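Student: I have a structure open and would like to learn how to read it. Could we go through it feature by feature?

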Amino acid sequence: QVQLVESGGGLVQPGGSLRLSCAASGIIFRIVTMGWYRQAPGKERELVATITSGGSTINYADSVKGRFTISRDNAKNTVYLQMNSLKPEDTAVYYCNTDPPLTRRNLEIWGQGTLVTVSS
């Protein structure tokens, strides 16, 4: 059974930092590209960062480039997102998933996400 468990969110002031973690199970983690996605209130979910299986290729959305860093530990089946210089527009529920997202019977599989709120 596939499980994606995100953690590390919270309330932070603008300019602050957070580190998100995502533990994956039920997939062959070491061979898949992983990504961090986010969904802000009233908006569609967007992909913010991806990292290939061995970590050799990393991509970021323009909106987070230079501020966020994605990494992974294949021994722990865990992917991380270090978020620095946070802005109010980074407020969203953050999810991890494979890229493209996992599906079962044509439905995407998602974890519960972790809420990041950037506010003074």
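Tutor: Gladly. Keep in mind that this is a predicted model. Start with one residue pair: M34 stands opposite T98 in β9.

Student: Which strands does that pairing belong to, and how do they run?

Tutor: First the general idea. Strands of a sheet pair through backbone hydrogen bonds, either parallel or antiparallel. Here, strand β4, residues 34-39, is joined to β9 by six bridges. The two run antiparallel.

Student: What is the order of the strands in the sheet?

Tutor: Read across the sheet: β2-β12-β9-β4-β5-β6. That makes an open sheet of six strands, and the pairing is mixed. At the edges are β2 (10-12) and β6 (58-60), each pairing on one side only. Ignoring direction, neighbouring strands are turned by 25° against each other on average.

Student: How many disulfides does the structure hold?

Tutor: One. Its partners are C22 and C96, with sulfur atoms 1.7 Å apart. Now look at where they sit. C22 is in strand β3 (residues 18-25), and C96 is in strand β9 (residues 92-98). They are 74 residues apart, so the pair links distant parts of the chain.

Student: Are these cysteines buried or exposed?

Tutor: Check the relative accessible area. For C22 the value is 0%, so C22 is buried. C96 is buried as well, also with 0%.

Student: What about R19, buried or exposed?

Tutor: In between. R19 is found in strand β3. Its relative accessible area is 47%, so R19 counts as partly exposed.

Student: Which residues is R19 in contact with, beyond its neighbours within four places in sequence?

Tutor: S7, G8, Y80, L81 and Q82. For a pair set apart, take R19 and R104. They are 85 residues apart in sequence and 29 Å apart in space, C-alpha to C-alpha.

Student: How should I read a nonpolar core?

Tutor: In soluble globular proteins, nonpolar side chains tend to be buried together. In this model, the largest nonpolar core has 28 residues. W36, V79, L81, M83 and Y94 have the most contacts inside it.

Student: Which element gives the most to this core?

Tutor: β3, with four residues. Other elements giving two or more residues include β4, β5 (46-51), β7 (68-73) and β8 (78-83).

Student: Which residues does M83 contact, leaving aside those within four places in sequence?

Tutor: G16, S17, L18, L20, R67, F68, Y94 and V116. Find Y94 in that list: Y94, like M83, is among the core residues with the most contacts.

Note on methods:
Residues are numbered from 1 along each chain as its sequence is written. This is a predicted model: local features need pLDDT of at least 70, side-chain atom pairs count only at pLDDT 80 or more; totals for chains, interfaces and linings use all residues. Side-chain values use heavy atoms; hydrogens and water are left out. A disulfide is a pair of cysteine sulfur atoms within 2.5 Å. Buried means under 20% relative accessible area, exposed over 50%, partly exposed in between (1.4 Å probe, protein chains only). Contact means heavy atoms within 4.5 Å. Two strands pair if DSSP finds at least two bridges between them. Axes are lines fitted to C-alpha atoms, for helices over the stretch in contact, and angles run from 0 to 180 degrees between N-to-C directions. A nonpolar core is a set of buried Ala, Val, Leu, Ile, Met, Phe, Trp, Tyr and Cys residues joined through side-chain atoms within 4.5 Å.
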